[in-house]
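Here is a short briefing to read alongside the model. Take a moment to turn the structure around, then work through the points below.

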Amino acid sequence: MEEKASTAIAGISHDRDSIINLDHGDPTMFEPFWKEIGDSATVVIPGWQKMSYFSDPRNLCWFLEPEFANEARRLHRIVGNAVTDDRHIIVGVGSTQLIHAALFALASTEARQPVDVISAAPYYSMYSGIADFMKSGMFHWAGDAATFNGDDNFIELVCSPNNPDGEIRHAVRGNEAGKRVHDMAYYWPQYTPMRHPADHDIMLFTVSKATGHAGTRIGWALVKDAEVARKMAKFIEMNTIGVSKDSQVRAAKILKVIADGYELPDLEAGSKFFHFGRCLLANRWQRLRQAIKVSGRFSLPQFPSEFCMFFKEQAETYPGFAWLRSEDQTIEDLEVFFKTLNILTRNGRQFGVGPEYVRVSMLDRDANFDVFIKRISSLE
């Protein structure tokens, strides 16, 4: 009984009638790596440490732990995915809080009308809810950036690589006077080739997709303008009075372990996190494409091979989500169809497109992913 209960809690499903939940992007596929790493990623915090609200009162982001900031900059330098020189780091409770903070910082408190928040479809399904949940008078969701016909008072959210389809994105309204926030959660080498260091005014990253530690709830923003950074920090101060020091210390340790795996030559090859993630995702994408080919009922995006500055070789794109489209005219709603197979996915409508699309997580544990592939492969 206890074994069955623990299996259910872990979300591992083996029964042919069990429900496989691939709706969310819970990155548990990385667990084997961190189990293998063992105690080198373990953090112990004595009861008397980290008791103060303040981490560094001299920093405009006074609740930012210096060791976390240092390790974040170090990992960006090693990977080469973002410019960190002359940037302020703002730490948040995941990238979700940082999106709220960025919208607050970029919207005018004196404007007569709320600023329009837009993103090109298919856009991340949470964007609309984030913009409208608090019913703020400062900003509101205005939909697809490609069809937006408002004035220059807008904030464009640019997700690159894009969630849900994995495409590299640029601002649709790039030549206009609006403001932009670049959500770079998946711009890491296990998902996509590192083309060049991203260099934007506001760039958002999150531990959950970088390392798999979603439960740590830590994200960070690289912000060019000091006043914008100060306003973002103020929002977080008023929202949660800072960010957990314990979570930042753990996140710093995790980032350090990854960085050490590439900078310390005496470590074993198995300590290279991005190699592990890339290899696992490559295998999963190969199996999924084969299953889709056999069924003939669905299609997936195709991605060109590109040179990766991190791996120093041609590399493929392996997104954290599969963006499936139905090619079967008898299937009107692909999410509903997958429910008949006891597979939970996320409907294309939530991403600003039609029900012929669904988003499927590629980041679940091996057992659930294996069941998913078996069910797809069994379709005639």
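Does D86 count as buried or exposed? At 72% relative accessibility, D86 counts as exposed. Please keep in mind that this is a predicted model. The chain holds eleven helices and 15 strands, and a search of the whole structure turns up 22 salt bridges.

**Overall form**

- For 380 residues, a compact globule would be expected to have a radius of gyration near 21 Å, and the chain agrees with this at 21 Å.
- Along the principal axes, the C-alpha atoms fill a box of roughly 65 × 55 × 45 Å.
- Of the 380 residues, 55% count as buried.
- Taking contacts between residues at least 6 apart in sequence, 73% join residues at least 24 apart.

**Surface and charge**

- The accessible surface of the chain amounts to about 17,900 Å², and carbon and sulfur atoms account for 51% of that surface.
- There are 42 positive and 49 negative side chains in the chain.
- The centres of these two sets of charges lie 1 Å apart.

**A salt bridge between loop residues**

- K50 and E65 meet through their side chains in a salt bridge, with an N to O distance of 2.7 Å.
- Both residues lie in the loop between helix 2 (31-37) and helix 3 (66-79), so the pair ties together parts that are 15 residues apart in sequence.
- K50 is partly exposed, its relative accessible area being 31%, whereas E65 is buried, at 4%.
- The cut-off for buried is under 20% relative accessible area, so E65 at 4% falls in that class while K50 at 31% does not.

**A network between helix 3 and helix 8**

- R74 forms a salt bridge with D260, and their closest N and O atoms are 2.7 Å apart.
- This pair links distant parts of the chain, with R74 in helix 3 and D260 in helix 8 (residues 245-263), 186 residues apart.
- Both of these partners, R74 and D260, are buried.
- R74 also meets E263 in a salt bridge, at 3.0 Å from N to O.
- E263 lies in helix 8 and R74 in helix 3, so this second pair ties together parts that are 189 residues apart in sequence.
- E263 is partly exposed, with a relative accessible area of 33%, while R74 is buried, with 15%.
- Salt bridges with shared partners join E71, R74, R77, K256, D260 and E263 into one network.

**Around E306**

- E306 belongs to strand 10 (residues 306-308), and its relative accessibility of 25% makes it partly exposed.
- T192 is 114 residues away from E306 along the chain, yet the C-alpha atoms of the two are separated by 9.0 Å.
- Which residues does E306 contact once its neighbours within four places in sequence are left aside? They are P193, R195, E313, Q314 and A315.

**Backbone points to check**

- Most residues other than glycine have a negative phi, and most peptide bonds are trans.
- The peptide bond from A121 to P122 is cis, with omega near -5 degrees, and P122 sits in the loop between strand 3 (115-119) and helix 5 (127-132).
- S160 and P161 are also joined by a cis peptide bond, with omega about -5 degrees.
- P161 is placed in the loop between strand 5 (154-159) and strand 6 (179-183).
- D86, the residue of the opening question, has a positive phi near 60 degrees and is not a glycine.
- The loop that holds D86 runs between helix 3 and strand 2 (88-92).
- N342 is another residue that is not a glycine and has a positive phi, about 60 degrees.
- N342 is found in the loop between helix 10 (334-339) and strand 13 (343-344), and at 24% relative accessibility N342 counts as partly exposed.

Conventions:
Residues numbered from 1 in each chain as written. Predicted model: local features only at pLDDT ≥ 70, side-chain atom pairs only at ≥ 80, totals over all residues. Heavy atoms only, no water. Salt bridge = Lys/Arg side-chain N within 4 Å of Asp/Glu carboxyl O. Helix = DSSP H or I, 4+ residues; strand = E, 2+ residues; numbered from the N terminus. Buried < 20%, exposed > 50% of the residue type's maximum accessible area, 1.4 Å probe, protein only. Rg over C-alpha atoms; globule rule 2.2 N^0.38 Å. Contact = heavy atoms within 4.5 Å. Areas by Shrake-Rupley, 256 points an atom, 1.4 Å probe, with all protein chains shown as cover. Lys, Arg positive; Asp, Glu negative; His and termini not counted. Charge placed at Lys NZ, Arg CZ, Asp CG, Glu CD.
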